[in-house]
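I am keeping this notebook while I look through one structure, entry by entry. Each entry begins with something I wanted to look up and ends with what I found.

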Amino acid sequence: MTRVTPDRDESVQPDREPRLVLDWDGTVTVVDTLWLVLAEFGDAEVFRRVGEQLLAGRIGYRELMELEFATVRHVELPRVTAWLADNAAVRPGFHELVRRYDPLVLSSGFEELIRPLLAREGVEVELVANRIDPRPGGWRVVWNRDEPCDVCGDWCKRVGLPAGPFVYIGDGYSDRCPSLSAERIFARAGLAEFLDAQGVAYEPFEDLDDVRRALER
């Protein structure tokens, strides 16, 4: 298994400035690029059905991802990344946020889809993500960990968090567990709805300029 892990400083000091942890899909990108890929190259009915099953608690996140991407068949990875380069947009403020805070991008998506978009944007950033094996008979998810999260029991992104305090910025299902251990949370869309239901405080945002201005204040 290829393992993608962040660099960690084991001598973190208690008063260290919190690291910025930034979700990718639906947070950096205007539309979740995994959704874009599944809508264009996968099976929309499977995508709809397993999403409902996840939210109803009938399947876990790993099963969702594996079922969805198994429907992406007989399409080569370069065709998909070229299509994303033409169709995926990043939110205003991304470049400024990276220049100012050097965030860790923590994604449940795939390095092979994210890095070409980072290159298109001319951005270098630390990235923790899963991998994809684009087999003709159906894409296979290559997870960057061997076991589910020992906190939520699902295949969330908590294992990729940096050591020491951090600020979390996210929007979706896989952001739920890791965001709960943050010192400060910026949330939108499904993550905001989840935190509302849990009674957890967060700061809403629409673009990443909102986040940068809030941090600078």
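**Entry on backbone angles**

Where in the chain is the place of Asp-102? I looked it up in the model, which is a predicted one, and found Asp-102 in the loop between helix H5 (94–101) and strand S2 (104–110). I noted this residue since its phi is positive, at about 45°, although Asp-102 is not a glycine. Its relative accessibility is 45%, and therefore I count Asp-102 as partly exposed.

I then turned to Ala-189, which is not a glycine either and yet has a positive phi of about 50°. Ala-189 is found in helix H8, which covers residues 189–198. With a relative accessibility of 36%, Ala-189 counts as partly exposed.

**Entry on a surface patch**

Which residues form a nonpolar patch on the surface? I wrote down Val-30, Val-31 and Trp-35, which together have about 270 Å² of accessible area. Looking at Val-30 by itself, I placed it in the loop that runs between strand S1 (19–22) and helix H1 (33–41). Val-30 has a relative accessibility of 40%, so I entered it as partly exposed.

**Entry on two helices**

At what angle do the axes of helix H2 and helix H3 cross? For H2 (residues 44–55) and H3 (residues 61–69) I noted a crossing angle of roughly 175°, with the axes coming within 10 Å. Because angles over 145 degrees count as roughly antiparallel, I recorded H2 as roughly antiparallel to H3. I also listed the residues that meet between them: Val-46, Phe-47, Val-50, Gly-51 and Leu-54 belong to H2, while Tyr-61, Leu-64, Leu-67 and Glu-68 belong to H3.

**Entry on salt bridges**

How many salt bridges does a search of the whole structure find? The search gives 17, and I followed some of them one by one.

I began with the salt bridge that Asp-23 forms with Lys-157, where the closest N and O atoms are 2.8 Å apart. Asp-23 lies in the loop between S1 and H1, and Lys-157 lies in the loop between strand S4 (140–142) and strand S5 (166–170), so this pair ties together parts that are 134 residues apart in sequence. Are these two partners buried or exposed? Asp-23 has a relative accessibility of 3% and counts as buried, and Lys-157 is buried with a relative accessible area of 3%.

Next I looked at Arg-184 and Glu-203, which form a salt bridge with their closest N and O atoms 2.5 Å apart. Since Arg-184 lies in strand S6 (residues 184–187) and Glu-203 in strand S7 (residues 203–204), the pair ties together parts that are 19 residues apart in sequence. I entered Arg-184 as partly exposed at 28% relative accessibility, and Glu-203 as partly exposed at 25%.

My third pair was Glu-216 and Arg-212, whose side chains meet in a salt bridge at 3.3 Å, N to O. These two are four residues apart in helix H9 (residues 208–216), which means that about one helical turn separates them. Glu-216 counts as partly exposed at 45% relative accessibility, whereas Arg-212, at 18%, counts as buried. I also noted a network, in which salt bridges that share partners join Glu-111, Glu-112, Arg-115 and Arg-131.

**Entry on helix H6**

One member of that network, Arg-115, took me to helix H6 (residues 111–121), where Arg-115 has its place. Its relative accessible area is 37%, so I wrote Arg-115 down as partly exposed. From C-alpha to C-alpha, Arg-115 and Leu-127 are 8.6 Å apart in space, and 12 residues separate them in sequence.

Leu-118 is also found in helix H6. Is Leu-118 buried or exposed? At 3% relative accessibility Leu-118 counts as buried, because the cut-off for buried is under 20%. Which residues is Leu-118 in contact with, leaving aside its neighbours within four places in sequence? I listed Trp-24, Phe-94, Val-123 and Val-125 as these contacts of Leu-118. Lastly I compared Leu-118 with Ala-85, and found them 33 residues apart in sequence and 9.9 Å apart in space, C-alpha to C-alpha.

Terms used:
Residues are numbered from 1 along each chain as its sequence is written. This is a predicted model: local features need pLDDT of at least 70, side-chain atom pairs count only at pLDDT 80 or more; totals for chains, interfaces and linings use all residues. Side-chain values use heavy atoms; hydrogens and water are left out. Patches are made of residues with over 30% relative accessible area and no salt bridge: like charges are joined within 9 Å, nonpolar side chains (Val, Leu, Ile, Met, Phe, Trp, Tyr) within 5 Å. Accessible areas come from the Shrake-Rupley method with a 1.4 Å probe; for residues, only the protein chains shown count as cover. A salt bridge is a side-chain nitrogen of Lys or Arg within 4 Å of a carboxyl oxygen of Asp or Glu. Buried means under 20% relative accessible area, exposed over 50%, partly exposed in between (1.4 Å probe, protein chains only). Axes are lines fitted to C-alpha atoms, for helices over the stretch in contact, and angles run from 0 to 180 degrees between N-to-C directions. Angles under 35 degrees count as roughly parallel, over 145 as roughly antiparallel, 65 to 115 as roughly perpendicular and the rest as oblique. Contact means heavy atoms within 4.5 Å.
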